[in-house]
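Reader: Please take me closely through one part of this model, the pairing of aromatic rings, and set it against the chain as a whole.

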Amino acid sequence: MPRITKEEKARNRQNIVEAAGRMFRAQGIDAVGIADLMKEAGLTHGGFYNHFASKDDLAAEVCNASFAASLGVLRQAVEDGDAPAGPPLRRVVEDYLSAEHRDAPDGGCPSASLVVDAGRQSEAVQREYAAGVEGYLAGFAAEFAREDEVTPEEARERAVLLLSRMVGAMVLARAVRQVGPELSDEILRTCRTHALD
């Protein structure tokens, strides 16, 4: 049997993480089996354990990688600074609470799509989720302090409130979008308007 190169092994691992990220966000961590996951990644079932000791290890890595990508979007918005579409936090709120984000639960930020799953998983997964939440809170607080010149304590409180509003709105909007599309749109619209109040 031919051996694969280190580069191929790394690419295969990345394919598994990306496939798991999509599937975990769309279906929930517990609903995704290893066989289906590996098929989605374009690999055989038996190869999973060449990359991960357990599904839990994979879930923790997916949580880390998903938040890293999402926080990269926040960092980019902050680096871009004020723009015609508004200051960074306004743009982040508009993008996050969009119909496009709502309608793509297999992509985007894991804060809403993995919120319930994280609490049901191991401490390792919960630690990665908590680290992602802290990343958002730190980024939001720093931007509140820059935009509004508030104390660190007030900036932190406002960051907690903003993230809670955004995640809560997205979870609710996704929960009712099939049977109550008008309600779902209303939730997003109202929270986009008032998230930064």
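Author: Of the 197 residues in the protein, 40% are buried (under 20% relative accessible area, with exposed meaning over 50% and partly exposed in between, for a 1.4 Å probe and protein chains only). The model is a predicted one, in which local features need pLDDT of at least 70 and side-chain atom pairs count only at pLDDT 80 or more, while totals for chains, interfaces and linings use all residues. Residues are numbered from 1 along each chain as its sequence is written, and side-chain values rest on heavy atoms, with hydrogens and water left out.

The setting comes before the rings. The protein has 10 helices and 0 strands, so named from DSSP runs numbered from the N terminus (H or I of at least four residues for helices, E of at least two for strands), and its elements therefore read α-α-α-α-α-α-α-α-α-α from that end. Its C-alpha atoms fill a box of roughly 60 × 40 × 35 Å along the principal axes. Among contacts (heavy atoms within 4.5 Å) between residues at least 6 apart in sequence, 63% join residues at least 24 apart.

Across the whole structure, a search finds 5 aromatic pairs, where rings of Phe, Tyr and Trp (its six-membered ring) pair if their centres lie within 6.5 Å, and planes under 30 degrees apart count as stacked, over 60 as edge-to-face and the rest as tilted. One of them joins Phe67 and Tyr136, whose ring centres are 6.4 Å apart and whose planes stand at 70°, so that the pair is edge-to-face. This pair links distant parts of the chain, with Phe67 in helix H3 (residues 55–80) and Tyr136 in helix H8 (residues 123–148), 69 residues apart. Both partners are shielded: Phe67 is buried, with a relative accessible area of 2%, and Tyr136 is buried as well, at 4%. The pair also belongs to a wider arrangement, since ring pairs link Phe67, Tyr129, Tyr136 and Phe140 into a cluster.

Phe67 can also be placed against the annotation. The UniProt record, in an unreviewed entry, places the feature "domain: HTH tetR-type" at residues 10–70; annotations of this kind may be inferred rather than shown by experiment, with feature names shortened and positions given in the numbering used here. That span is 69% helix and 0% strand, and its end C-alpha atoms lie 22 Å apart. The record, again in an unreviewed entry, lists residues 33–52 as "DNA-binding region", a stretch that is 40% helix and 0% strand, with end C-alpha atoms 14 Å apart. Asn50 sits in the loop between helix H2 (34–41) and H3 and is exposed, with a relative accessible area of 54%. From Asn50 to Arg13 the separation is 37 residues in sequence and 9.0 Å in space, C-alpha to C-alpha.

At the other partner's helix, the chain continues from H8 into a loop leading to helix H9 (152–176), and Glu149 has its place there. Most residues other than glycine have a negative phi. Glu149, which is not a glycine, nevertheless has a positive phi of about 50°. In contrast with the buried Tyr136, Glu149 counts as exposed, at 72% relative accessibility.
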